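Dear colleague,

I am passing on the structure we spoke about, and my notes on it follow directly below. Please keep the sequence and the model side by side as you read.

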Amino acid sequence: HNRCIRLAPDLVCVGFGGSMPATRDGEVVWNGYPWEDDSVIATHVSKLLTAVPPASPAQPVCEPGLLPPPPPPPPDSVQENDTVILLTHVGPLGTDTTEDKRALGKSPILAGSGRLRAIVEEESSQQRVIAHVHGHVHNSAGRSSVGCVSVLNPGALCEGNFMLLRIARSSVSMRWQVLGTEFVHIPRTQ
């Protein structure tokens, strides 16, 4: 949590944990942990997604006219040309994957972050984030989207649910893209 992990030279996974209170009709249904509101989530995720400018080119240290290869990007920071997979515990507010609709005849429980959604809606996120994977709402597994960003909730692993995310580099744009998702359920044995 609160980390950036480099998966490939131009692909990173950015993660942040925690949730804030979930509400139904403006009343708190369950408390957040460890956050009381989503300002902390927004601050940390924004900071994690902020690109670090590339290092200045290395000065020649070998034969005139030849430059040594550039150093690899730091493993713990997002670079300007990186594609991002965003992993958070809580998801963006207003998606099918963050609404608990189990109680028939009642309004859904809203368990997403409005500020996190605003970050995903930003133009820079729309261009760089290919998938936002989250949990938190165990029975709202599935897929949704915020703009062109895929929002995915695999469901609760403790209940036998997980998801496979297939990605590849586009042969046209040379950018990473989501090829598909597979939601898997392994029934519990007694």
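V14 touches R3, C4, L48, L49, V78, V84, I85, L86 and L87, if one leaves out residues up to four places away in sequence. Please bear in mind that this is a predicted model, and that the contacts described here are computed from it.

The largest nonpolar core holds 21 residues, and within it V14, V45 and V84 touch the most other members. At least two residues of this core come from each of strand 2 (11-16), helix 1, strand 5 (83-88), helix 2 and strand 10 (149-153), with helix 1 giving the most, namely five residues. Another core, of five residues, lies apart from this one and includes A8, L11, I130 and W176.

The two helices deserve a look of their own. The axes of helix 1 (residues 39-49) and helix 2 (residues 114-121) come within 8 Å of each other and cross at roughly 25°; because angles under 35 degrees count as roughly parallel, helix 1 is roughly parallel to helix 2. The crossing in which helix 1 passes helix 2 is right-handed.

Which residues of helix 1 and helix 2 make the contact? On helix 1 they are S39, A42, V45, S46 and L49, while helix 2 contributes R115, L116 and I119. By character, the residues of this contact divide into five nonpolar, two polar and one charged. V45, which helix 1 brings to the contact with helix 2, is also one of the residues that touch the most other members of the largest nonpolar core.

With best wishes

Notes: Residues are numbered from 1 along each chain as its sequence is written. This is a predicted model: local features need pLDDT of at least 70, side-chain atom pairs count only at pLDDT 80 or more; totals for chains, interfaces and linings use all residues. Side-chain values use heavy atoms; hydrogens and water are left out. Axes are lines fitted to C-alpha atoms, for helices over the stretch in contact, and angles run from 0 to 180 degrees between N-to-C directions. Helices (H or I, at least four residues) and strands (E, at least two) are DSSP runs, numbered from the N terminus. Angles under 35 degrees count as roughly parallel, over 145 as roughly antiparallel, 65 to 115 as roughly perpendicular and the rest as oblique. A crossing is left-handed if the near helix is turned anticlockwise from the far one by less than a right angle, and right-handed if clockwise. Contact means heavy atoms within 4.5 Å. Ala, Val, Leu, Ile, Met, Phe, Trp, Tyr, Cys and Pro count as nonpolar, Asp, Glu, Lys and Arg as charged, and the others, Gly among them, as polar. A nonpolar core is a set of buried Ala, Val, Leu, Ile, Met, Phe, Trp, Tyr and Cys residues joined through side-chain atoms within 4.5 Å. Buried means under 20% relative accessible area, exposed over 50%, partly exposed in between (1.4 Å probe, protein chains only).
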